[in-house]
Amino acid sequence: MNKIYLDNAATTPLSSEVLNEMMPYFTSIYGNPSSVHSFGREAKHALDVARERVARGIGCDPSEIYFTSGSTEANNWALYGIATANRAKGRHIITSKIEHPSILNMCKHLEDEGFRVTYLDVDQYGFIKIDQLLHNLDSDTILVSIMTANNEVGTIQNLQAIANIVAEKGVIFHTDATQAVGAINLNVHDMGIDALSLSGHKINGPKGVGALYVRKGVKINPFMLGGEQEYGLRAGTSNIPAIVGLGKAVELATRDITTNNKKVRQLRDYFITQINKNIDLCHLNGHPVQRLPNNINMSFGMVDGESVMMLLDLQGIAVSTGSACSVGSIKQSNVLKAMGLSKDLVQGAVRFTLSKATTKEELDIVVAELIKIVQKLRQISPIGKGQVGTL
Ligand SMILES: *Cc1c(COP(=O)(O)O)cnc(C)c1O
């Protein structure tokens with residue numbers, strides 16, 4: 001059975017070009033970039049090149065890029081480091097209800113540490129409400145963190161408008177761009193973004209590496225204490241092979257965004273059309289146009305998304321749902337709930353995320369399977385909630 005991978009928002013395969021770039025740093029070029037001898041200098045050079053590539057990809061200076069272990073660390077660090085460094089100015093942080101757990105859980109932690117956090121609502125498409133942002137910015141606000149594009153429903157925020165409003169108030173603006181890098185053009189200097197998180201493994205780079213951009217002049221405390229790596233703000237011997245891979249991945253992902261995405265956007269729209277044509281009671285979650293080119297989040301009425309996912313998996317097709325199944329209970333997606341979807345639609349949501357390698361033939365196979373699966377689930381349980389276990 002040829003397997004079909006439609007879960008590229010969870011992680012992506014490493015590109016061969018990236019792997020080739022990384023290989024020598026696992027074998028022959030193994031110096032520590034902090035060493036002054038020739039071995040160290042070779043590694044330092046690789047580190048510099050990677051930093052330049054990441055900086056070029058998002059439009060900042062290399063001295064504003066700090067390598068991390070991924071976006072989780074970059075998000076944790078941005079929030080904790082900026083909040084604590086600017087505590088004297090104020091204690092209020094604004095974020096949204098649809099952020100990644102690495103933002104939301106750090107916000108909860110900061111609340112325990114005496115910060116006040118406002119979680120902005122979103123509308124039915126997943127856009128934050130700009131007037132609510134304006135209304136909540138006050139003299140105590142020190143940081144606003146709003147993701148560029150949502151990992152579940154793919155909605156791309158009106159980032160420039162948000163950045164402008166936050167800048168006007170003289171407040172620091174951070175964005176989690178993990179899903180957006182390579183999908184939309186981002187120039188942090190032009191856009192007035194103060195801090196941005198990105199990750200390697202979401203853009204065909206290696207896992208366990210990412211970067212935090214922090215604009216020069218923004219106060220941030222270190223997150224890892226130790227040596228002088230990363231300008232003294234993120235200690236620990238640099239993971240050179242991974243960083244080299246990240247640099248290459250960012251370069252490839254951001255080089256030609258418009259042409260890179262044209263094909264995948266067409267496939268996405270084809271897939272949506274085919275589903276709507278062949279399966280009734282479907283609802284596309286997120287904005288129909290202002291969404292990531294590879295994201296389809298579809299609710300199938302009167303069925304359980306988890307069941308659809310598991311039955312597709314039996315056919316070798318990998319997708320995901322917004323909910324996380326734990327022993328005996330299903331935790332529903334906070335993103336879909338925040339968008340005000342009915343319980344039935346939240347329950348029935350399935351996320352398909354495509355890649356450049358996805359083909360029309362693959363999507364035809366998936367649609368054919370979906371038709372069968374949804375019909376079967378609706379038959380066994382006409383009022384909904386069919387369970388795999390009862391098949
Ligand atoms: C995957 C993801 C993260 C976490 O990134 P890691 O590098 O896996 O830690 C954070 N934010 C968003 C939006 C993501 O999609």
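Here are some friendly questions and answers about how terms are applied to this predicted model.

Residues are numbered from 1 along each chain as its sequence is written, and side-chain values use heavy atoms, without hydrogens and water. In this predicted model, local features need pLDDT of at least 70 and side-chain atom pairs count only at pLDDT 80 or more, while totals for chains, interfaces and linings use all residues.

Q: Why is the pair glutamate 251 and arginine 255 called a salt bridge?
A: A salt bridge is a side-chain nitrogen of Lys or Arg within 4 Å of a carboxyl oxygen of Asp or Glu. The closest N and O atoms of glutamate 251 and arginine 255 are 3.1 Å apart, so the pair fits the definition.

Q: Why is glutamate 251 called buried or exposed?
A: Buried means under 20% relative accessible area, exposed over 50%, and partly exposed in between (1.4 Å probe, protein chains only). Glutamate 251 has 15% relative accessibility, so this residue counts as buried.

Q: What about its partner, arginine 255: buried or exposed?
A: Arginine 255 stands at 56% relative accessibility, so this residue counts as exposed.

Q: Why is arginine 116 put in its accessibility class?
A: Its relative accessibility is 40%, so arginine 116 counts as partly exposed. Aspartate 140, at 26%, counts as partly exposed too.

Q: What makes the approach of histidine 201 to the ligand a polar contact?
A: A polar contact is a pair of N or O atoms within 3.5 Å; within protein, one must be able to donate a hydrogen and the other to accept it, and residues adjacent in sequence count only if both atoms are side-chain atoms. A side-chain N or O atom of histidine 201 is 2.7 Å from an oxygen atom of the ligand, so the pair qualifies.
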